[in-house]
Amino acid sequence: MQPRNMSMSGVVDLAAVKAAQEAKAKAEQARAEAARQGGGPGAVSPADLVIDVDEAGFERDVLQRSTEVPVVIDFWAEWCEPCKQLSPVLEQLVVEYNGRLLLAKIDVDANQMLMQQFGVQGIPAVFAVVAGQALPLFQGAAGKEQIQQTLDQLVQVAEQRFGLTGLTVDPDAAPGAAQEAAQAVPAGPYDALLEAAVQALDAGDFGGAVQAYKNVLSDDPGNTEAKLGLAQAELLHRVQGLDPQQVRQDAAAKPADVPAQVAAADLDLVGGHVEDAFGRLIETVQRTAGDDRDAVRVRLLELFEVVGPDDPRVVAARRALARALF
């Protein structure tokens, strides 16, 4: 039942590097598929902005809906007195946002697995899911003004980074219609293959993940999720089994050695040191020529694919690469 983009093992470090770009691509794909199925989500009732969610409906009601609108999650319990103070404030604010947010209420006593997956240590605890990505917001009681500032930032991030503009609210819409429509949307043609790739990543079978993503791309070369996943899986496959200490010693001793530098750059990126990885390869481009230079350039472009073309670090590195080449 573990959500695809909330894997707690296997690719955590690298996921932090590229999660936003991958999630944005998934959101765009989901919106395109919804439009193809019949014009996307219709108007919702104000009553649909606050929903109770359990483990069985989490993927449908939270993960899938988060490709349309940021979903705020309120972890609560009946015995929790601070929850009884916080929950009405959250409900009121979400309704006031008029479709730019959705509130999912999760009873931790009945949904222990979800509580564990989110790493909830105490309640009340409030998270958000945006385009499939989990974001911790705050824990414990908070004032209305503080909560509103947090939600304002969430709405801004969702719109600017993921293009999520929210839902259309119609006071005359029938309550529950939006959830019924979501249940009727069929799974995409490659969902099983993509899920198999993610499971392979989580299990450390990076070669299997590479092949699973390639299977999708052989039929659908433009599949954005498969492209991003393949870049990630290939990187993890390359660094598997490397001795980090030896790789870094070789790179320090041989600044113009292409295999040594590209291996060190791979390790930099997997460790989340994005700018170090890019800078290392750009410097290597400046030191090399011919086929060696081209090999470094190609690897750098592959790492750009992992991080995502819209990331400011990629944009800056592309400019630096152009200066180094020309």
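This is a short walk through one predicted model, taking its strands, salt bridges, loops and helices in turn.

Let me start with strand E3, residues 102–107. E3 is mostly covered, with five of its six residues buried. Which strands does E3 run parallel to? One is E1, residues 50–52, joined to E3 by three bridges. In that pairing, Val50 has Leu103 as its bridge partner. Another is E2, which is parallel to E3 and joined to it by six bridges. There, Phe75 of the one strand is matched with Ile106 in E3.

Staying with E3, look at Lys105. Its side chain forms a salt bridge with Asp74, and the closest N and O atoms are 3.3 Å apart. This pair links distant parts of the chain: Lys105 sits in E3 and Asp74 in strand E2, residues 71–76, with 31 residues separating them. Are these two residues buried or exposed? Lys105 has a relative accessibility of 10%, so it counts as buried, because the limit for that is under 20%. Asp74 is at 0% and counts as buried too.

Lys105 has another partner. It forms a salt bridge with Glu91, again with 3.3 Å between the closest N and O atoms. Here the link runs from strand E3 to helix H3, and the two residues are 14 apart in the chain. Glu91 is partly exposed, at 28% relative accessible area.

As background, side chains of opposite charge can pair when their charged atoms come close. In this model the count of salt bridges comes to 13.

A more local example lies within helix H3, residues 81–96. Lys84 and Glu81 meet through their side chains in a salt bridge, at 3.4 Å from N to O. How far along the helix are they from each other? They are three residues apart in H3, so about one helical turn separates them. Lys84 is partly exposed, with a relative accessible area of 41%.

Now follow the chain from H3 towards E3. The loop between these two elements contains Asn98. The phi of Asn98 is near 55°, a positive value in a residue that is not glycine. Asn98 is partly exposed, with 49% relative accessible area. For context, most residues other than glycine have a negative phi, and most peptide bonds are trans.

The peptide bond remark leads to the next loop. Which residues does a cis peptide bond join? They are Ile123 and Pro124, and omega there is about 0°. Pro124 lies in the loop between helix H4, 112–117, and strand E4.

That brings us to E4 itself. E4 covers residues 125–130 and pairs with E5, residues 133–139, in the antiparallel sense over six bridges. The two strands form a hairpin with two residues between them. Val130 has Gln133 of E5 as its bridge partner. In the turn, Ala131 has a positive phi of about 50°.

The last part concerns the helices further along. Asp266 lies in helix H11, residues 258–270. Asp266 is buried, with a relative accessible area of 3%. What is Asp266 in contact with, leaving aside its neighbours within four places in sequence? The contacts are Leu235, Arg238, Val239, Arg299 and Leu303. Two of those names, Arg238 and Arg299, come back in a network of salt bridges, where they are linked with Asp266 and Glu302.

Arg299 also takes us to the final helix pair, since it is among the H13 residues in contact with H12. Helix H12 spans residues 274–287 and helix H13 spans residues 290–307; their axes come within 9 Å and cross at roughly 160°. Why are the two called roughly antiparallel? Angles over 145 degrees count as roughly antiparallel, and H12 and H13 therefore fall in that class. Their crossing is left-handed. On the H12 side, the contact includes Val274, Ala277, Phe278 and Leu281. On the H13 side, the residues include Arg293, Val296, Leu300 and Phe304, along with Arg299.

To close, two residues are worth finding on the screen. Lys105 in E3 forms salt bridges with Asp74 and with Glu91. Asp266 in H11 belongs to the salt-bridge network with Arg238, Arg299 and Glu302.

Notes: Residues are numbered from 1 along each chain as its sequence is written. This is a predicted model: local features need pLDDT of at least 70, side-chain atom pairs count only at pLDDT 80 or more; totals for chains, interfaces and linings use all residues. Side-chain values use heavy atoms; hydrogens and water are left out. Two strands pair if DSSP finds at least two bridges between them. Helices (H or I, at least four residues) and strands (E, at least two) are DSSP runs, numbered from the N terminus. A salt bridge is a side-chain nitrogen of Lys or Arg within 4 Å of a carboxyl oxygen of Asp or Glu. Buried means under 20% relative accessible area, exposed over 50%, partly exposed in between (1.4 Å probe, protein chains only). Contact means heavy atoms within 4.5 Å. Axes are lines fitted to C-alpha atoms, for helices over the stretch in contact, and angles run from 0 to 180 degrees between N-to-C directions. Angles under 35 degrees count as roughly parallel, over 145 as roughly antiparallel, 65 to 115 as roughly perpendicular and the rest as oblique. A crossing is left-handed if the near helix is turned anticlockwise from the far one by less than a right angle, and right-handed if clockwise.
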